[in-house]
Amino acid sequence: MAPGLEFTPAGISQVARQKHQAAAGGGSLYDPPQGKQNRSGATKLTPDGKLVHFFPKMPCLRCGCPWWTSDDWDARCCRCRWDCQQGGYDDDSRPLPQHRAVWEKFVASIKGGVTPSYASAGQKKAVGRGPRHVTT
């Protein structure tokens, strides 16, 4: 057994497996669940102990994450905290026309077993900065 994995009566705990995979570079905590758990409405505990809900056909339209803070309409994305009531989905849980292309891209990635990568606005600015040239 890999070091750092916790053993439970049912085997290695899901949270321990996710922590181990993240530490080993084997996926993201935001990636879809594996096996029988890969279904809409599945839940898991985050490393900080919060229960999150998986909705692969209704990912966050800002960052592509399929994990939400609850299964209610007022839920927020677990990764970027976007609120799906901000004009992304209609009353039937379908993306609004202006979001359809990005939704298709995100859902295809999730079906492939990977949540799209995402850098917040602050991270994007930091990455885009080059060295400053100082003249005297």
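**View 1. Lys50 and Asp48 meet in a salt bridge through their side chains.** The closest approach is 3.8 Å, N to O. This is a predicted model. Lys50 is exposed, with a relative accessible area of 54%. Asp48 is exposed as well, at 55%. Across the structure there are four salt bridges, and Lys50–Asp48 is one of them.

**View 2. Asp90, Asp92 and Arg94 are linked in a network of salt bridges.** Arg94 pairs with Asp92, and their closest N and O atoms lie 3.4 Å apart. How exposed is Arg94? Arg94 is partly exposed, with a relative accessible area of 46%. Its partner Asp92 is exposed, at 53%. Asp90 also belongs to this network.

**View 3. Arg100 forms a salt bridge with Glu104 in helix H2.** The closest N and O atoms are 3.2 Å apart. Helix H2 covers residues 100–111. Arg100 and Glu104 are four residues apart in this helix, so about one helical turn separates them. Arg100 is partly exposed, with a relative accessible area of 38%. Glu104 is also partly exposed, at 43%.

**View 4. Cys63 and Cys77 do not form a disulfide.** The sulfur of Cys63 has its closest cysteine sulfur in Cys77, at 3.5 Å. A disulfide requires the two sulfur atoms to be within 2.5 Å. The Cys63 and Cys77 sulfurs are therefore too far apart for a bond. Is Cys63 buried or exposed? Cys63 counts as buried, at 1% relative accessibility.

**View 5. Cys80 is in no disulfide.** For Cys80, the nearest cysteine sulfur is that of Cys60, 3.5 Å away. Cys80 is buried, with a relative accessible area of 13%. By the 2.5 Å rule, the count for the structure comes to zero disulfides.

**View 6. Trp67 is buried and sits in strand S5.** Strand S5 spans residues 67–68. The relative accessible area of Trp67 is 2%. Which backbone atom does the Trp67 side chain reach? The Trp67 side chain reaches the backbone oxygen of Tyr30, at 3.2 Å. Arg79 offers a further reference point for this view. Trp67 and Arg79 are 12 residues apart in sequence. In space, their C-alpha atoms are 7.8 Å apart.

**View 7. Three helices and five strands make up the secondary structure of the protein.** Along the sequence, the pattern reads β-β-α-β-β-β-α-α. Two elements from the close-ups can be placed by residue number. Strand S5 holds Trp67, and helix H2 holds Arg100 and Glu104. The protein has 136 residues, of which 32% count as buried. Buried residues include Cys63, Cys80 and Trp67. Among contacts between residues at least 6 apart in sequence, 36% join residues at least 24 apart. The protein exposes about 9,000 Å². Carbon and sulfur atoms supply 52% of that area.

Key
Residues numbered from 1 in each chain as written. Predicted model: local features only at pLDDT ≥ 70, side-chain atom pairs only at ≥ 80, totals over all residues. Heavy atoms only, no water. Buried < 20%, exposed > 50% of the residue type's maximum accessible area, 1.4 Å probe, protein only. Helix = DSSP H or I, 4+ residues; strand = E, 2+ residues; numbered from the N terminus. Polar contact = N/O pair within 3.5 Å; in protein donor to acceptor, adjacent residues only side chain to side chain. Contact = heavy atoms within 4.5 Å. Areas by Shrake-Rupley, 256 points an atom, 1.4 Å probe, with all protein chains shown as cover.
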